Amino acid sequence: MPIRKINRRQVAPKKLPSRFFRELVSHKVLKSKGIALRFVELLPIRDAGPRHPHSHRGMEEVIFVQKGAGKAWVNGEVDKIVTGDTILIPAGARHMMINTGRKPMILICAFSAADPENRYKEHAEISYSG
């Protein structure tokens, strides 16, 4: 079986509110069966404005802060995050990362299912601006 690989420069960024992401591994990209991986560039909150949390039905997420600093908001709890931090988001938890810096925050996000787009729910009734 050949090695399945991709370089993030081969993937066009997709726009979501206040962030861009590149899907590097999923059922669509590299045909994974039970995992997904995204490279995320989170815009500074002063440029992007208030954020709304989202959740993932039946799927955990691990977020690694590759570059930048900000806040993690998980089910209403807020904690500071910096380069090198790793956050485990439980399945179904409402969450969002807030970039309090001046440059994009770089996140690596891994999901315990290969189809995160089918498990995503935005919670527009909640707004947070840091």
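**Figure 1. The whole chain, element by element.** Starting at the N terminus, the elements of the protein follow the order β-β-β-α-β-β-β-β-β-β-β-β. That gives one helix and 11 strands, where helices (H or I, at least four residues) and strands (E, at least two) are DSSP runs numbered from the N terminus. Please keep in mind that this is a predicted model, in which local features need pLDDT of at least 70 and side-chain atom pairs count only at pLDDT 80 or more, while totals for chains, interfaces and linings use all residues. Residues are numbered from 1 along each chain as its sequence is written, and side-chain values use heavy atoms, with hydrogens and water left out.

The radius of gyration is 14 Å, close to the 14 Å that the globule rule gives for 130 residues, so the protein is as compact as a globular protein of that length. Here the radius is taken over C-alpha atoms, and the rule is 2.2 Å times the number of residues to the power 0.38. The C-alpha trace spans about 45 × 30 × 25 Å along its principal axes. About 7500 Å² of the protein is exposed, with carbon and sulfur atoms supplying 55% of that area (Shrake-Rupley method, 1.4 Å probe; for residues, only the protein chains shown count as cover).

**Figure 2. The open sheet and its edges.** Six strands line up in the order β1-β2-β3-β10-β5-β8 to form an open sheet with antiparallel pairing; two strands pair if DSSP finds at least two bridges between them. At the edges stand β1 (14-16) and β8, each with a single partner strand, so one side of each is left without a neighbour in the sheet. Neighbouring strands are turned by 25° against each other on average, direction ignored. For that angle, axes are lines fitted to C-alpha atoms, for helices over the stretch in contact, and angles run from 0 to 180 degrees between N-to-C directions.

**Figure 3. A closer look at β3 and its two partners.** Strand β2 (residues 19-25) runs antiparallel to β3 and is joined to it by six bridges. Within this pairing, Val25 has Leu37 of β3 as its bridge partner. Seven bridges link β3 to β10, again antiparallel, and here Val40 is matched with Leu107 of β10. Five of the seven residues of β3 are buried, so this strand is largely enclosed by the rest of the structure. Buried means under 20% relative accessible area, exposed over 50%, and partly exposed in between (1.4 Å probe, protein chains only). For the protein as a whole, 39% of the 130 residues count as buried.

**Figure 4. Inside the largest nonpolar core.** This core has 19 residues, and Ile63, Ile81, Ile87, Ile89, Met97 and Leu107 touch the most other members. A nonpolar core is a set of buried Ala, Val, Leu, Ile, Met, Phe, Trp, Tyr and Cys residues joined through side-chain atoms within 4.5 Å. Two or more residues each come from β3 (36-42), β5 (61-67), β6 (69-74), β8 (86-89) and β10 (105-111), and β10 gives the most, with four. Zooming in on Ile81, its contacts are Val65, Ala69, Gly70, Lys71, Ala72, Ile87, Met97 and Met105, leaving aside residues up to four places away in sequence; contact means heavy atoms within 4.5 Å. A second, separate core has six residues, among them Ile45, Trp73, Ile98 and Tyr128.

**Figure 5. Ala91 and its surroundings.** Ala91 sits in the loop between β8 and β9 (95-99). With 43% relative accessibility, Ala91 counts as partly exposed. Leaving aside residues up to four places away in sequence, Ala91 touches His56, Gly58, Met59 and Glu60. Ala91 and Glu61 lie 30 residues apart in sequence, yet 7.3 Å apart in space, C-alpha to C-alpha.

**Figure 6. Two residues with positive phi in the loop between β2 and β3.** Most residues other than glycine have a negative phi. Leu30, in the loop between β2 and β3, has a positive phi of about 70° although it is not a glycine. Lys31 is also placed in the loop between β2 and β3, and has a positive phi of about 55°. Leu30 is partly exposed, at 23% relative accessible area, whereas Lys31 is exposed, at 54%.
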